[in-house]
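Biologist: Before we discuss particular assignments, may I ask that each term be justified by its criterion? Please show the model first.

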Amino acid sequence: MQAQYTPETLEADIQKRWETEKVFKAVENPEQEKFYCLSMFPYPSGRLHMGHVRNYTIGDVISRFQRMQGKNVLQPMGWDAFGLPAENAAIQHNVPPAKWTRENIAYMRNQLKRLGLGYDWEREIATCNRDYYRWEQWLFIRLYQKGMIYKKTSPVNWDPVDQTVLANEQVIDGRGWRSGALVERREIPQWFLKITAYAEELLLDLDGLEGWPDSVKTMQRNWIGRSEGVEIHFKVGDEDLTVFTTRPDTLMGVTYVAIAAEHPLAQQAAQQNPALAAFIEECAHTETAEAAMETMEKRGVATGLTAIHPITGESVPVWVANFVLMGYGSGAVMSVPAHDQRDFEFAQKYNLPIKQVIVRTGEAEIADLTAAMTEKGVLINSGNFNGLSSEQAFNEIAAFLTAQNKGQRRVNYRLRDWGVSRQRYWGCPIPMIECPHCGTVPVPEKDLPVVLPEEVQMAEVGSPLKQDSSFYTVKCPQCGADAKRETDTFDTFMESSWYYARFSSPDCDSAMLDKEKVNYWLPVDQYIGGIEHAILHLLYARFYHRLLRDEGLVQGNEPFKRLLTQGMVIAETFYRDGKNGKNDWINPADVDIERDAKGRVVGAKLKTDGLPVNIGNTEKMSKSKNNGVDPQIMIERYGADTVRLFMMFAAPPEQSLEWSDAGVEGSARFLKRLWRQVVTQIELETPALDVNALGKAEKEVRRQVHEAIVKIGDDIGRRYTFNTAIAAAMELINTLGRAEDSPQMRTVIKEGLEAVVLMLSPIVPHITQALWEILGHDGLVMQQAWLKADPAALTRDSVEVVVQVNGKLRAHLHVANDLDNAAIEHLALNDPHVQRFLEGKTVKKVVVVKGKLVNVVVA
């Protein structure tokens with residue numbers, strides 16, 4: 001028996017045993033209840049960070065617990081391997097993205113194994129592998145043939161130096177994040193997936209996701225953004241200019257119409273208007289993000305065109321405004337300055353009329369508006385609609401416009417179709433061909449996959465696919481003429497929108513999914529990931545699941561039954577003032593920190609020079625703030641179990657976890673103490689447990705053991721409050737350590753230690769396996785059944801009753817379990833602590849709630 005706890009050798013030996021015995025291999029078994037636990041797979045950036053460690057440890061704890069409940073558990077792992085960082089690294093290190101990515105995968109895989117995570121590695125997938133993305137291409141073609149996919153021009157952020165499209169978050173102060181070039185707004189052809197065709201279903205089905213956080217469901221509802229309104233047609237010459245509004249009650253207050261710079265009417269008017277042409281060119285250099293549009297200065301230029309109001313017949317001017325985007329709705333909005341603040345500010349800036357048509361109930365028209373009146377109310381200055389409430393006017397005006405063929409009711413969504421094109425190299429090729437004779441032609445199924453060339457030389461500008469004629473020059477599959485392959489690649493959200501399903505049958509080479517296997521494992525019972533994925537990834541995955549369903553590949557409407565969004569890992573930051581006003585961030589490991597009695601940082605010095613450094617905020621661990629902690633170093637110093645224990649103990653999973661070196665050291669001390677306690681106990685002569693021979697002290701300790709079994713099982717299995725489960729185990733260890741020695745107490749202590757080892761095994765699986773063997777058991781602790789509390793052990797001989805006087809706590813009583821109410825009342829009224837508050841007063845009433853409290857009412 002090993003006297004000392006040595007995690008470095010112990011953990012390696014146990015992990016080797018797991019691997020040899022293939023204990024985490026999942027096999028479909030219709031006779032056994034399944035449990036599919038999935039943590040969001042990582043991007044192979046090169047090294048794990050503590051956010052990964054927390055996410056994957058949570059999933060592993062849940063998986064191991066469910067395995068001990070007798071369920072058939074699937075917990076797979078893979079790699080979200082495509083993406084821009086690999087291209088940037090390839091340029092920086094002069095290495096192909098594929099090589100960089102696969103080397104990172106190999107390194108990170110070993111890191112995950114060092115943590116003791118129970119993955120079925122035989123199901124591992126990497127989205128950059130052709131046997132994965134082949135099926136993505138196959139489905140894309142099927143959807144194209146069904147009319148679910150189309151191509152159109154769309155405004156994008158274009159970096160003229162890098163010759164690529166930028167995501168909104170890659171535009172910083174109007175410049176490309178890498179090149180620093182002024183970003184242009186360009187219209188380029190893009191492929192779109194009709195997610196809006198499922199908008200209503202995606203919205204309504206949120207109500208059925210009972211295992212999802214309300215905050216996530218609210219964010220998705222807001223993103224889908226269902227609104228009921230009226231589509232209205234203004235006449236501009238012989239053409240209809242269509243707008244959508246949720247406030248048709250304000251229609252009579254329209255004083256101008258605003259259109260996007262890319263709108264055909266704007267382009268037409270600019271031919272005769274140099275000032276307008278210059279403004280449109282200026283708009284081409286603005287960002288397309290909604291957030292940027294909200295905060296930028298609202299500017300515009302008159303087109304010289306007028307639109308005819310659909311009810312009054314009056315002419316209102318048409319303006320080009322920089323806050324209207326062609327990609328949203330029709331690229332035109334009706335402007336009601338009196339009842340919309342943006343329209344109000346624009347009208348004031350350009351001296352446009354402001355006409356109030358709504359007043360609050362019981363109020364008169366405001367002579368001089370200083371801000372828009374945005375509330376609903378009663379109509380004025382609206383002809384036949386005067387006196388109607390906003391709600392009544394909605395219906396009346398909608399009916400009038402419909403009858404006149406000048407509008408109709410419509411449900412609109414904030415959600416836009418999913419643009420899946422990226423002008424990148426390192427992604428899944430889009431399986432389409434452009435023929436000068438046949439137009440757009442899908443790649444024949446027999447020619448799939450369209451393989452991404454991996455041995456490439458990355459250039460500073462443009463995609464290698466556009467420079468590789470062997471890739472883009474092809475024959476048209478229909479007419480045989482020279483044609484060109486699509487050189488855009490898929491948005492990487494495409495790969496992450498269906499990987500959960502592919503894990504069910506990763507080796508299936510005859511179909512996208514093996515129906516029998518996928519229908520056994522899906523839906524995912526527990527999905528785990530960061531709250532930052534609440535909208536895009538989770539919404540796209542829900543949408544993609546419906547596409548798979550409608551293709552007959554999966555059953556059910558939803559991919560994830562229950563969702564846990566873990567909080568961030570945060571840490572202190574330190575810095576010195578750098579050049580150009582920027583901070584030079586210093587890693588906490590390089591700083592000597594001075595703390596006060598409460599543990600707060602009050603001073604810090606750089607270890608290398610002993611000089612002070614500035615103390616920043618406690619923020620999310622990140623490369624930019626240089627406040628990350630390398631998991632590898634922590635594992636080598638303390639062992640994987642210590643890191644896992646700290647991650648689960650420091651905070652509830654949904655909350656942010658603040659990194660603490662002292663907390664890690666405390667977790668290491670607890671595991672050493674647990675080891676010593678088991679080793680010491682096993683050396684004592686211990687008889688078999690005889691519950692009938694237990695005395696009062698032994699019964700009390702055994703009751704605490706079985707109460708802990710109930711609490712820890714509930715904390716891990718239902719509540720996911722792993723921190724309180726660990727606290728309960730620590731408290732039980734303290735109780736066992738304080739117990740007075742006797743032959744029967746030793747049996748209770750051994751029972752308690754076995755219980756702690758079993759219950760902590762999902763959290764610290766290596767040390768508990770070793771201790772399980774030290775306690776005299778064969779086999780793997782992870783394959784044992786979860787403990788069930790002995791009802792007889794939970795019976796108390798006495799209970800604690802609180803005593804209140806006029807609702808205020810005044811005393812605690814320990815009374816026999818079978819004591820009647822009259823006796824409890826007598827004890828309460830005669831307790832010295834209670835009597836002090838009864839002096840000089842009359843007892844009006846005594847309420848006894850047996851086993852809980854006594855409330856004495858006095859006057």
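Modeller: In this predicted model, residues 24 or more positions apart account for 70% of the contacts with a separation of 6 or more. The protein contains 27 helices and 37 strands, and 53% of its 859 residues count as buried.

Biologist: Why is Thr-747 called buried?

Modeller: The limit for buried is under 20% relative accessible area. Thr-747 has a relative accessible area of 4%, and is therefore classed as buried. Thr-747 belongs to helix α24, residues 743-760.

Biologist: Which residues does Thr-747 contact, leaving aside its neighbours within four places in sequence?

Modeller: Those contacts are with Thr-686, Pro-687, Ala-688 and Leu-689. Each pair has heavy atoms within 4.5 Å, because that is what contact means here.

Biologist: What makes helix α20 largely enclosed by the rest of the structure?

Modeller: Helix α20 covers residues 640-649, and 9 of its 10 residues are buried, so the description applies. Among the buried residues are Asp-641 and Arg-644, as well as Val-643, Leu-645 and Phe-646.

Biologist: What makes the surface patch formed by Lys-672, Arg-673, Arg-676 and Arg-738 a positive one?

Modeller: Lys and Arg count as positive, and the patch is formed by Lys-672, Arg-673, Arg-676 and Arg-738; the patch is therefore positive. Membership also requires over 30% relative accessible area and no salt bridge, with like charges joined within 9 Å. Helix α21, residues 661-682, supplies the largest share, 3 residues, and Arg-676 is found in this helix.

Biologist: How many charged side chains of each sign does the protein have?

Modeller: There are 96 positive and 113 negative side chains, and the centres of the two sets lie 2 Å apart.

Definitions and conventions
Residues are numbered from 1 along each chain as its sequence is written. This is a predicted model: local features need pLDDT of at least 70, side-chain atom pairs count only at pLDDT 80 or more; totals for chains, interfaces and linings use all residues. Side-chain values use heavy atoms; hydrogens and water are left out. Buried means under 20% relative accessible area, exposed over 50%, partly exposed in between (1.4 Å probe, protein chains only). Helices (H or I, at least four residues) and strands (E, at least two) are DSSP runs, numbered from the N terminus. Patches are made of residues with over 30% relative accessible area and no salt bridge: like charges are joined within 9 Å, nonpolar side chains (Val, Leu, Ile, Met, Phe, Trp, Tyr) within 5 Å. Accessible areas come from the Shrake-Rupley method with a 1.4 Å probe; for residues, only the protein chains shown count as cover. A salt bridge is a side-chain nitrogen of Lys or Arg within 4 Å of a carboxyl oxygen of Asp or Glu. The place of a charge is taken as NZ of Lys, CZ of Arg, CG of Asp or CD of Glu.
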